[in-house]
Amino acid sequence: MESNNRLVVIEASELEAMIERVVERKLREILNHDNKSLGRDGRMSLNEVIAALDISKQCAYNWIKSGRLSQPTRIGRRLYWSPDAIRAMMP
């Protein structure tokens, strides 16, 4: 099987714009999907928040402790956030 590898040269600003478009599209997908796939009552789970904000689990816990990330609603052992609270954190 023959490989079609080729070198593509683009400006750093073009690459940055491409990355921003992909990230924005992914965030919209995460935040705008059906409430069925969100946590209970349309809330976002910890994993969804981590994906939306592109942070680690430890960072999320640190942000909760420092007040940068709003206090979650606890349902059993799971943590949930309002999608509006997470959207408000985005630039």
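This briefing describes the fold, surface, helix packing and a few single residues of one protein chain. The model is predicted. The chain holds four helices and three strands, and 27% of its 91 residues are buried. One helix, α2, is mostly covered, and a search of the whole structure finds one salt bridge.

**Overall fold**

- Read from the N terminus, the order of elements is α-β-α-α-β-β-α.
- Of the contacts between residues at least 6 apart in sequence, 44% join residues at least 24 apart.

**Surface**

- The chain has an accessible surface of about 7,300 Å². Carbon and sulfur atoms account for 49% of that surface.
- Six residues, V8, I10, L15, M18, I19 and V23, make a nonpolar surface patch of about 510 Å².
- One member of the patch, V8, sits in the segment before α1, the helix that covers residues 12–32. V8 has a relative accessibility of 57% and counts as exposed, because the cut-off for exposed is over 50%.

**Helix α2 and its neighbour α3**

- Helix α2 covers residues 46–53, and six of these eight residues are buried. The buried residues of α2 are L46, E48, V49, I50, A52 and L53.
- Two packed helices are described by the angle between their axes and the distance between the axes.
- Helix α3 covers residues 57–66, and its axis comes within 10 Å of the axis of α2. The two axes cross at roughly 95°. The helices α2 and α3 are therefore roughly perpendicular to each other, because angles of 65 to 115 degrees count as such.
- On the α2 side, the residues that meet α3 are L46, N47, I50 and L53. Their partners in α3 are K57, A60, Y61 and W63.
- L46, I50 and L53 appear among the buried residues of α2, and they also appear among the residues that meet α3.

**The loop residue D54**

- D54 comes just after α2 and lies in the loop between α2 and α3.
- The phi angle of D54 is positive, at about 55°, although D54 is not a glycine. Most residues other than glycine have a negative phi.
- D54 has a relative accessible area of 70% and is exposed.

**The salt bridge in α4**

- Which two side chains meet in a salt bridge? They are those of D84 and R87, with a distance of 2.8 Å from N to O.
- Both residues belong to helix α4, which covers residues 83–89. D84 and R87 are three residues apart, so about one helical turn separates them.
- Is D84 buried or exposed? D84 counts as exposed, with a relative accessibility of 55%.
- R87 has a relative accessible area of 33% and is partly exposed, because this class lies between the buried limit of 20% and the exposed limit of 50%.

**C59 and L69**

- C59 is a residue of helix α3. The relative accessible area of C59 is 21%, which means that C59 is partly exposed.
- C59 and L69 are ten residues apart along the chain. Their C-alpha atoms are separated by 9.8 Å.

Key. Residues numbered from 1 in each chain as written. Predicted model: local features only at pLDDT ≥ 70, side-chain atom pairs only at ≥ 80, totals over all residues. Heavy atoms only, no water. Helix = DSSP H or I, 4+ residues; strand = E, 2+ residues; numbered from the N terminus. Buried < 20%, exposed > 50% of the residue type's maximum accessible area, 1.4 Å probe, protein only. Contact = heavy atoms within 4.5 Å. Areas by Shrake-Rupley, 256 points an atom, 1.4 Å probe, with all protein chains shown as cover. Patch = residues over 30% accessible without salt bridge, like charges linked within 9 Å, V, L, I, M, F, W, Y side chains within 5 Å. Salt bridge = Lys/Arg side-chain N within 4 Å of Asp/Glu carboxyl O. Axes fitted to C-alpha atoms, helices over the stretch in contact; angles between N-to-C directions. Parallel < 35°, antiparallel > 145°, perpendicular 65-115°, else oblique.
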